[in-house]
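Trainee: I am new to this structure. Can we walk through it with short questions?

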Amino acid sequence: MASELKINIFVEGIDDKKFISDFISYHFNVSVEKNIFHLEGKDKINTKIELFNSSSASIIQQKTATNKKNILVFDADGEYNNGGFKKRLFELNEIKVKYGINFDTFLFPNNKEDGELEDLLERIFTDDVQPILNCFKNYTDCITKIDPKYSKPNKKGKIFAVAESIVGADNAKGSARDYLNSELWNLEDDAVKPLKDFLSTYFESKPTTT
Amino acid sequence: MGENHLTYFKVENFKRFESFELNDIGQFNLIVGDNNVGKTSVLEALGFDTNVYKMLEKLQLFLFVRGIKFIPDFKKKTKNLLEHYLNDSKKKEIKFSFQIQKHTNENVLLSKCIERNNLTDVERDFLEKNSFESKVNDYSPYQLLNVQYYNNALTSVANSYNYIDLNVVNYSHSYFFFNQPIELVNNLDLFSSYFTDLEQRKKLIEQLKFFAPNIEHIERNEIDGIQLIQVNEKNSTEFKPLAYYGDGINKLFTILMLIRKNNGERLMIDEIDAGIHYSRFKDFWRTIFKSAIANDVQIFATTHNIECLKYFKEVLEEEEKDENGFSMKDSQREARCFSLVQQPDNSVKAFTKNFEQFQWAIDSENEIRD
């Protein structure tokens with residue numbers, strides 16, 4: 001088979017795919033390049049449950065047929081985009097029934113609260129980078145002061161801007177980020193513990209060096 | 001889609017398949033999957049034939065492309081290679097079930113039983129004398145292929161008439177295997193049958209120019225006492241055998257001839273990408289699609305090659321209309337991709353993707369080959 005790992009991982013988009021790949025590589029010393037599938041498609045449908053259509057479901061159905069475990073890692077989202085942790089869980093269960101597919105679920109940021117991958121990323125910037133987040137806050141407060149109706153960069157924009165300061169624009173884009181770059185990211189932060197604990201039921205942790 | 005094209009197919013007790021089916025078959029069907037999952041076996045099963053001799057030709061071909069020249073010797077009680085090849089020693093009857101386009105609306109599983117009108121007197125006589133008759137009737141939903149029956153039929157005919165030359169492997173024209181000898185390239189009968197006039201040859205030249213831009217003429221000529229299909233190039237009066245050219249052009253030429261030969265029927269092509277440079281895939285696919293549409297041929301093709309899949313998709317996205325107002329995009333509804341996946345119980349299941357699902361998977365770079 002293309003990969004002997006007994007697991008399929010389904011994520012929302014390419015950016016999520018990059019984070020999960022690097023995260024698993026770091027904590028479990030395993031490459032999951034051939035085991036991760038994103039459901040975004042070319043048109044980049046952003047309405048979450050619309051990511052499940054006959055096309056994406058057909059991929060999950062096909063991968064489900066093998067003797068592998070399915071994991072789905074999505075954003076919990078919030079009221080701001082008609083989502084939220086409980087709501088997403090409910091919707092995903094309906095998707096399972098509708099398409100006859102099965103998967104274990106983890107919802108960013110921590111599998112219990114509303115939020116997104118970007119909320120987790122914000123927390124795992126290194127200590128040296130955290131002050132740049134304050135600069136960003138000053139920037140958005142300044143815009144609000146000028147006129148509250150002006151839109152401000154969203155969470156993705158914030159993460160990009162902070163990362164760009166350290167690694168440049170090309171390397172700050174979601175799909176190009178190197179999450180193994182310890183200058184920018186701290187993958188040992190307490191904030192990642194829920195994700196690590198979830199994944200450790202499928203992967204063996206790499207030995208800690210002393 | 002042609003009225004004789006398959007829309008549903010199922011085979012039981014054939015090689016590794018206890019039961020295997022293809023649902024929602026289109027006119028252009030890709031079959032993908034891991035090594036040894038059974039892609040080629042699916043192609044072989046799709047060649048089921050009610051005619052005893054044609055079926056034996058196909059079975060011989062299946063073994064021949066594997067380097068086994070099987071010549072049945074009915075005088076010797078030797079191990080039967082065919083029986084072992086087809087379903088090992090299970091001794092279960094191989095069954096085919098299918099629907100074809102013209103009867104899809106009636107939702108009937110047709111039995112394409114041995115068509116009695118097509119039988120010779122010897123075959124009809126054999127049927128009447130054997131219990132095989134009782135397994136087949138006009139309303140049977142199955143076409144039964146009993147290998148022993150074919151052996152017996154041939155024995156009977158050979159003993160009676162002694163005219164079958166089984167020392168020659170006759171290549172079935174329903175197939176193109178990637179490692180098949182290119183003798184078909186010099187199949188003069190095929191060439192003469194389907195490219196008889198200048199207009200047809202001119203069209204053929206245009207189709208072959210994708211691989212050899214300077215080709216101007218194609219003829220059946222003699223060289224050193226041997227009749228061959230030969231071509232000449234621009235600014236040259238010299239003809240040389242087409243077989244001297246590369247794999248790509250020979251393969252395309254052979255497939256175009258086989259498409260003409262299988263007018264209204266189906267053609268199975270194993271590893272369609274083999275020998276084709278990625279930069280030629282679009283022209284290759286477009287040529288095959290247009291020829292298959294013009295000749296009402298249903299295509300089943302296996303491939304491992306992701307670029308082959310991508311260009312299959314890209315050609316079917318082309319919107320440019322031809323002189324008849326037809327665009328490749330109009331054929332999207334006839335495109336399918338069947339991903340063969342081995343299940344935990346070792347059975348094989350085919351996951352059907354229509355064009356939209358296939359397009360999505362390719363665009364999102366999600367692996368669909370296994």
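The questions below go from a whole chain to one helix and then to some backbone details.

Mentor: One point before we start: this is a predicted model.

Trainee: How many helices and strands are there in chain B?

Mentor: Chain B has 370 residues. Its secondary structure comprises both kinds of element, and the count is 12 helices and 13 strands.

Trainee: What percentage of the residues of chain B count as buried?

Mentor: A residue is buried when its relative accessible area is under 20%. Chain B also has an exposed surface of about 17,400 Å², with 43% of it from carbon and sulfur atoms. Of the chain's 370 residues, the buried part is 52%.

Trainee: What share of the contacts in chain B with a separation of 6 or more comes from residues 24 or more positions apart?

Mentor: A contact here means heavy atoms within 4.5 Å. Take the contacts in chain B with a separation of 6 or more; residues 24 or more positions apart account for 66%.

Trainee: What distance does helix α10 of chain B reach from its first C-alpha to its last?

Mentor: Helix α10 of chain B covers residues 281–294, which is 14 residues. At 1.5 Å a residue, 20 Å is expected. The helix is close to that, reaching 20 Å.

Trainee: Which elements are included in what covers the buried residues of α10(B)?

Mentor: The buried residues include Phe281(B), Phe284(B), Trp285(B) and Ile288(B). Arg286(B) and Ser291(B) are also among them. Their cover includes two strands and three helices of chain B: β3, β11, α8, α9 and α11.

Trainee: Which residue just after α10(B) takes a positive phi?

Mentor: Most residues other than glycine have a negative phi. Just after α10(B), a phi of about 55 degrees is taken by Asp296(B).

Trainee: Where does Glu271(B) lie, and is it buried or partly exposed?

Mentor: Glu271(B) is not a glycine, yet its phi is positive, at about 50 degrees. This residue lies in the loop between β10 and α10 of chain B. Its relative accessible area is 23%, so Glu271(B) is partly exposed.

Trainee: Which residues does the cis peptide bond in chain A join?

Mentor: Most peptide bonds are trans. Here omega is about 10 degrees. The proline is found in the loop between β4 and α4 of chain A. The bond joins Phe108(A) and Pro109(A).

Trainee: What is the relative accessible area of Asn111(A)?

Mentor: Asn111(A) is found in the loop between β4 and α4 of chain A. Its phi is positive, about 65 degrees, although it is not a glycine. Asn111(A) is partly exposed, with a relative accessible area of 26%.

Conventions:
Residues are numbered from 1 along each chain as its sequence is written. Chains are lettered from A and ligands numbered from 1 in the order in which they are written. This is a predicted model: local features need pLDDT of at least 70, side-chain atom pairs count only at pLDDT 80 or more; totals for chains, interfaces and linings use all residues. Side-chain values use heavy atoms; hydrogens and water are left out. Helices (H or I, at least four residues) and strands (E, at least two) are DSSP runs, numbered from the N terminus. The expected span of a helix is 1.5 Å times one less than its number of residues. Buried means under 20% relative accessible area, exposed over 50%, partly exposed in between (1.4 Å probe, protein chains only). Accessible areas come from the Shrake-Rupley method with a 1.4 Å probe; for residues, only the protein chains shown count as cover.
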